[in-house]
Amino acid sequence: ATYFCPTIFFQPSTFLDYDTLNSTKFHMFLLRRLLVHHRSLSACPARAASSVAQRGYDVIVVGGGHAGTEAAAAAVRTGAETLLITQSIKTIGALSCNPSLGGVGKGQLVKEVDALDGLMGRAGDYAGVHFSILNRRKGPAVWGPRAQLDRGRYKGFIQSELLNMPRLTVIEGSVEGLLVSAADPEQPGKHRVTGVRLDGGSEVRSSSVVLTTGTFLSGSLFMGQTTSPGGRMGEPPSCAGLTQSLRETLGLKLGRLKTGTPPRLVKETVDFSLAQLHLPDSQPTPFSFINTHTHCKPEEQIPCHLTYTTPGVDRVVKESLHMNSHIQQDTKGPRYCPSIESRVLRFPGRQHQVWLEPEGLNSDLLYPQGLSMTMPPELQLRLIREIPALQRADIRTPGYGVQYDFVCPTQLFPWLQLKSAQGLFLAGQINGTTGYEEAAAQGLWAGINAGRTALSLPPLSLSRTESYIGVLIDDLVGHGVTEPYRMFTSRAEFRTSLRPDNADLRLTPKGFEEIGCVSPHRYQEAVRVRQGLAEALSILKSVTLSPSRWREKLTDACISEAKSTLISGEEMLQYKDVSFEMVASAFPEILSPYLEFAERIKIEAVYRPHCEKQQREMERMREEESLSLPPDIDYFSLPVSLSDEVREILDRARPSTVSNP
């Protein structure tokens, strides 16, 4: 990376060496390096901005949040010279709200980002302090890998990766506007974006620009009846000129959304004896396919606690509504992560869960998930003390609300470039989504396509038949949003095929062979796993015994006495109480070499019949996705039987393919 000051180059692959990670020497080295970078950058920001203005880049990424960091890293992996512009180097990779990663649907996105060589999964493995698989009582297709994170560790990992990445320059600054020129008549679009204008007046040219402004686009902060400009507490919003470029220069349709965050509690003032203890999994499951274990040892993990709201909480909410301007406004907030005020008003008299989540191994703070609120600080304290476990709790920082602009995502192509602006890509909350994972997934895909476009390579789309990232993007560009979009497994029609365990098999070969964003090391590991699974399943299929013989070999297996036909080893794994280890113990000579894949073999065997049945429907959808619609098609004169209402909708949405009108 380029800092215009002496730097230490550090190979990211070192993070795979967990002995090094655990050493005190490594932590001191990491801390010293980050301090050098921050001091040097803060001492010469003007020189850095003026230096980058003198050269051009393939890709410029605006914003250093989860979308921006993945976009910058992905663009670099495609071979593009990339510039990342952020308001503050120190906040790159910050966990603005909850200190956690993954969950149902979201965990699948993290696994897919990792399969395409993104940063988030490895960062989660390094920073996690409490790992668990949600939905484990259900089938593996809807398991939700999740982890509580140490905020400092997560941010440190992301920064150490980016600040030492070849072909990546990082500067502090604010983007005042976009540089816009006439469009290339050979390509769709009314304008062409050729770079950005910084708040000091400097202009930086590029072939592609990725906007990942998060909640900072015309952001406003709310606490009680107080409103101030900002995208996060203590940080200013993006420059007004950027919103003007989008709305007036490019003529884009913008909307407004809101979100919020809870107060942070002082841990030592909480009575945990009055809350339910929830332990992590005894054996942490890494997010990343190239990690065999997490940085945090199993015995070092820390617990979470669960408590509930009381009638007193409802009373405080209702009595304070006249002092809460954020909750009174019509701007849409997140349906699946609502404020406590919204929950009380929507479901009066009901108990609501409050999870007390640690913010790090050595942090003295707790994050009360479920208590996002925007009332005045003194009323926030009164509210939390209505909960028995929090009767003596103190607040370190109060909760607040944020309202921000977003661009209606139906104006995007499936590769996340604006239809009306060549070279301009959008990712993250600017597209109407909520959550770190959704932002990272979009950032990765926008960065890949921004890099490919800059290098004169054709942009690519992901099918909803092959990934949750494809489902996410297809939902956004095909249907738009009326509220912040959150990923769930229920949004994926083919979730039995799009499992968290097989994201590497689905995406890593494609990422290396077609996209060009995956390292040879990761690709070789994915090929090795794919071959191992195929060999093991082939052997299992060839091993056939009568039910009586299987009962002799596997005494714990519950095989029906009425069963008389031969059963293969693969079919035996479809029994709930039969594991691969059990079958391998019966045939150690041929199956023991594949014990490292035991869980994955079991899952593949269980889901293979379901996946085979889905193939025909998946092929039909892929055919529809391949049928492109002309961008200038006149739906009103089209000689087909369509109602006027449908023609208006199609004209407004302008779908790219037959599959997403």
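**Group meeting: burial, contacts and surface in a predicted model**

Good morning. Of the 661 residues in the protein, 59% are buried. I should state at the outset that this is a predicted model.

Let me begin with the overall architecture. The protein contains 22 helices and 23 strands. Its C-alpha trace extends over about 80 × 65 × 60 Å along the principal axes. How does the radius of gyration compare with that of a compact globule of 661 residues? Such a globule would be expected near 26 Å, and the protein has 26 Å, so the two agree.

The contacts complete this general view. Among contacts with a separation of 6 or more, 73% are accounted for by residues 24 or more positions apart. As for the surface, the accessible area of the protein comes to about 27,000 Å². Carbon and sulfur atoms hold 52% of that accessible surface.

I now turn to individual positions, starting with M223. This residue belongs to strand β10, which covers residues 220-223. Is M223 buried or exposed? Its relative accessibility is 19%, and the cut-off for buried is under 20%, so M223 counts as buried. Which residues does M223 touch, once those up to four places away in sequence are set aside? They are M233, T374, M375, P377, Q380, P398, G399 and Y400. For a sense of distance across the model, consider M223 together with E514: 291 residues separate the two in sequence, and their C-alpha atoms lie 48 Å apart in space.

The second position is S568, located in strand β23, residues 567-568. With a relative accessibility of 7%, S568 is under the 20% cut-off and therefore counts as buried. What is S568 in contact with, leaving aside neighbours within four places in sequence? The list consists of L540, K541, V543, T544 and W550.

My last topic is a feature of the surface. V640, L642 and V646 together make a nonpolar surface patch of about 200 Å². Within this patch, V640 sits in the loop that runs between α21, residues 598-626, and α22, residues 644-653. Its relative accessible area is 44%; since the partly exposed class lies between 20% and 50%, V640 is partly exposed.

To summarise the three positions: M223 in strand β10 and S568 in strand β23 are buried, whereas V640, in the loop between α21 and α22, is partly exposed and contributes to the nonpolar patch with L642 and V646. Thank you for your attention.

Key. Residues are numbered from 1 along each chain as its sequence is written. This is a predicted model: local features need pLDDT of at least 70, side-chain atom pairs count only at pLDDT 80 or more; totals for chains, interfaces and linings use all residues. Side-chain values use heavy atoms; hydrogens and water are left out. Helices (H or I, at least four residues) and strands (E, at least two) are DSSP runs, numbered from the N terminus. Buried means under 20% relative accessible area, exposed over 50%, partly exposed in between (1.4 Å probe, protein chains only). Contact means heavy atoms within 4.5 Å. Patches are made of residues with over 30% relative accessible area and no salt bridge: like charges are joined within 9 Å, nonpolar side chains (Val, Leu, Ile, Met, Phe, Trp, Tyr) within 5 Å. Accessible areas come from the Shrake-Rupley method with a 1.4 Å probe; for residues, only the protein chains shown count as cover. A salt bridge is a side-chain nitrogen of Lys or Arg within 4 Å of a carboxyl oxygen of Asp or Glu. The radius of gyration is taken over C-alpha atoms; the globule rule is 2.2 Å times the number of residues to the power 0.38.
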